[in-house]
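This briefing is meant to be read alongside the sequence and the structure. Please keep both in view while going through the points.

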Amino acid sequence: MMFPEYRPRRLRRTEALRSMVRETSISKEHLIYPLFVAPGKKVRQPIESMPGVFQMSVDVAVEEARQAYDLGLPAVLIFGLPEKKDSKGSHAWIKSGIVQKAVSAIKKDVPDLMVVTDVCLCEYTSHGHCGIVVKDRTSGGHSVIIDNDATLELLQKVALSHARAGADMVAPSDMMDGRVGAIREALDDNGYEHIPIMSYAVKYASSFYGPFRDAAECAPQFGDRSSYQMDVANSREALREATLDMEEGADILMVKPGMPYLDIISLLRQEFSLPIAAYQVSGEYAMIKAAAGNGWIDEKRVVLESLLCFRRAGADIIITYFAKDFAKSF
Ligand code: PBG
């Protein structure tokens, strides 16, 4: 008998064997559920471009957080819509600020749910930028110049106020240089050495954030964020950004947006031993919802597939507006 020359064969897979050899998995313990908290009482305001996502007053956000916890989700990420905006974003760090109130109310009601806060100024500044704008240099172009170092001092205040309110982890999303180090120092100097930093280390100047800017009411009033967020065309720069954040003391590195940037997640996975988070952003959510709403794709299967793909690319943690739906279904 002639033996055929060696040829690799695909496993003939039964369901049991398929499960046995599956390389990655996705389950709810990897997910973080974002919440948008707004002033008022009993507010549950739908966001048009993000069906199923709401701006919620603190009382409603607490109920939502409780539901998330009861469904087995480990963590929420809090975004705030302040009562008042000004040029420095001072409502981002006041003790009676919206995030501070939401964090303490959630921690009181659902103490075992991990509460993460987004540390940024764009929801709180009247101009919608993530830092202090140097006005005289904007010159009508797109790139707005931000006073990086003056912004760092404000971000320190924001992070510290979140920690004081009871946040379990802070997530700076502003993309100023040196912010992780500055926030680490402020937390350490004030007795919050144990609070980790999940850095939006690699955050692109992406158009996929459009619906979020409706949700958080933080669209820039002039110019765009390309002077401080990353150029979509770059991947080596992602390594530089992530290296800096690691050196400054980041505990988790995040890549954002998610699906169009799986190559970046994979690159970071190969180069770093820190845990990696991926943010499936508002535009990704909106696209899936819109197509599913039209009956063009099967929402549940697409959500499962997209989250599994994040894990395959190398993400440990996924921030997704689908977290609750996923936890209900799987
Ligand atoms: C900034 C921030 C943004 C998002 C999370 N944090 C918006 C931006 O950078 O413009 C976007 C998240 C999403 O699109 O879902 N505070």
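Among the 17 residues that surround the ligand in this predicted model, those that come nearest are Lys203, Arg213, Lys256, Ser282 and Tyr321. Sorted by class, this shell is made up of eight nonpolar, three polar and six charged residues.

**Ligand contacts and enclosure**

- The side chain of Lys203 places an N or O atom 2.6 Å from an oxygen atom of the ligand, and Ser282 likewise has a polar side-chain atom 2.6 Å from a ligand oxygen atom.
- For Gln229, the separation between an N or O atom of the side chain and an oxygen atom of the ligand is 3.0 Å.
- The ligand would expose 410 Å² if taken alone, and the protein buries 100% of that area.
- The space that the ligand takes up is the largest cavity.

**Salt bridges**

- The structure holds 13 salt bridges, and one of them joins the side chains of Glu15 and Arg18, with an N to O distance of 2.5 Å.
- Glu15 and Arg18 are separated by about one helical turn, because they stand three residues apart in helix 1, which covers residues 15–21.
- As a general matter, side chains of opposite charge can pair when their charged atoms come close.

**Backbone geometry**

- In most residues other than glycine phi is negative, and most peptide bonds are trans.
- The peptide bond that runs from Lys256 to Pro257 is cis, with an omega near -10 degrees, and Pro257 is placed in the loop between strand 8 (252–256) and helix 8 (262–271).
- Lys256, on the other side of that cis bond, is also one of the residues that come nearest to the ligand.
- Lys42, a residue other than glycine, has a positive phi near 55 degrees, and Lys42 is found in the loop between strand 1 (31–37) and strand 2 (44–46).

Methods. Residues are numbered from 1 along each chain as its sequence is written. This is a predicted model: local features need pLDDT of at least 70, side-chain atom pairs count only at pLDDT 80 or more; totals for chains, interfaces and linings use all residues. Side-chain values use heavy atoms; hydrogens and water are left out. A residue is near a molecule or strand if one of its heavy atoms lies within 4 Å of it. A polar contact is a pair of N or O atoms within 3.5 Å; within protein, one must be able to donate a hydrogen and the other to accept it, and residues adjacent in sequence count only if both atoms are side-chain atoms. Accessible areas come from the Shrake-Rupley method with a 1.4 Å probe; for residues, only the protein chains shown count as cover. On a 1 Å grid over the protein atoms alone, a cavity is a set of points where a 1.4 Å probe fits but cannot get out, and a pocket is an open set with protein on both sides within 12 Å along at least five of seven lines; lining residues have an atom within 4 Å of a point. A molecule sits in a cavity or pocket if more than half of its atoms lie within 2 Å of its grid points. Ala, Val, Leu, Ile, Met, Phe, Trp, Tyr, Cys and Pro count as nonpolar, Asp, Glu, Lys and Arg as charged, and the others, Gly among them, as polar. A salt bridge is a side-chain nitrogen of Lys or Arg within 4 Å of a carboxyl oxygen of Asp or Glu. Helices (H or I, at least four residues) and strands (E, at least two) are DSSP runs, numbered from the N terminus.
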